[in-house]
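Trainee: I should like to learn how to read salt bridges and surface patches in a model. May we work through an example together?

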Amino acid sequence: RWQKIFMIPLWSKMAVFWNKMFLTIIVLLIVLFLDAVREVRKYSSVHVNEKVANVNTSAFDHIQMKLFRSQRNLYLSGFSLFLWLVLRRTVTLLTQLAKGMTSHAALETQVNDATEAARKYMAENERLQEALSEKASSKKKESAEATDEKLKKEVEHLKAELQKTSDALNKANNEVTAVKKQSEGLKREYDHLMKEYEWLQASLNEAEDKKEL
């Protein structure tokens with residue numbers, strides 16, 4: 001399903017500028033995050049100094065409002081930066097998984113075709129052996145030896161085809177194992193990212209509770 005979505009012509013046109021757009025947004029979010037950190041440190045120190053100096057209430061409230069806005073910008077830019085990186089990683093893993101599934105389907109089709117060809121060659125080999133046994137009594141020894149040599153060549157050819165089929169089947173099994181491992185890695189990374197998100201959400205709630213106190 002994700003592969004069909006990513007194959008939409010609009011995405012293919014945007015893919016050319018995707019890396020540039022991603023880096024641009026990352027730089028912008030980092031700048032906003034650093035600016036928010038600077039503002040929080042600035043107004044936190046001013047907030048403490050004004051509180052100690054016992055200035056008038058309006059000035060104190062104004063500084064507190066500035067501190068609240070800077071903290072809000074810090075949380076927004078930080079979460080946006082984190083979620084943007086998560087989105088980038090998720091899209092990359094989904095794309096790789098879709099390509100792996102497509103490759104596995106193609107290899108499975110190739111293995112089925114090779115297996116069918118091997119069955120045909122084995123049936124033909126059986127027919128040749130039957131023909132050889134029927135003509136062995138009516139032909140001379142030289143003719144029998146020539147037919148036997150031909151049959152040996154056919155058997156060697158069938159063995160080579162069977163070996164190719166076996167190699168293709170092993171390759172397909174390896175591809176299936178790799179896709180399963182990649183899917184498990186994607187699941188573990190997604191769980192890890194969700195745990196980090198829950199931890200950041202808990203930190204944000206704790207910070208808001210402390211601010212309300």
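The dialogue below takes up salt bridges and then a surface patch.

Mentor: This is a predicted model, in which local features need pLDDT of at least 70, side-chain atom pairs count only at pLDDT 80 or more, and totals for chains, interfaces and linings use all residues. Residues are numbered from 1 along each chain as its sequence is written, and side-chain values use heavy atoms, leaving out hydrogens and water.

Trainee: How many salt bridges does the rule give?

Mentor: A salt bridge is a side-chain nitrogen of Lys or Arg within 4 Å of a carboxyl oxygen of Asp or Glu. The count here is 4. Among them, Asp35 pairs with Arg38 at 2.9 Å, N to O, and Arg38 pairs with Glu39 at 2.7 Å. Asp35, Arg38 and Glu39 are thus linked in a network.

Trainee: Is Glu39 buried or exposed?

Mentor: Buried means under 20% relative accessible area, exposed over 50%, and partly exposed in between (1.4 Å probe, protein chains only). Glu39, at 17%, counts as buried, whereas Arg38, at 45%, is partly exposed.

Trainee: Which residues form the nonpolar patch on the surface?

Mentor: Patches join residues with over 30% relative accessible area and no salt bridge: like charges within 9 Å, nonpolar side chains (Val, Leu, Ile, Met, Phe, Trp, Tyr) within 5 Å. Ile5, Ile8, Leu10, Trp11, Met14 and Met21 form this one, with about 510 Å² of accessible area together (Shrake-Rupley method, 1.4 Å probe, only the protein chains shown counting as cover for residues). Trp11 is partly exposed at 40%.
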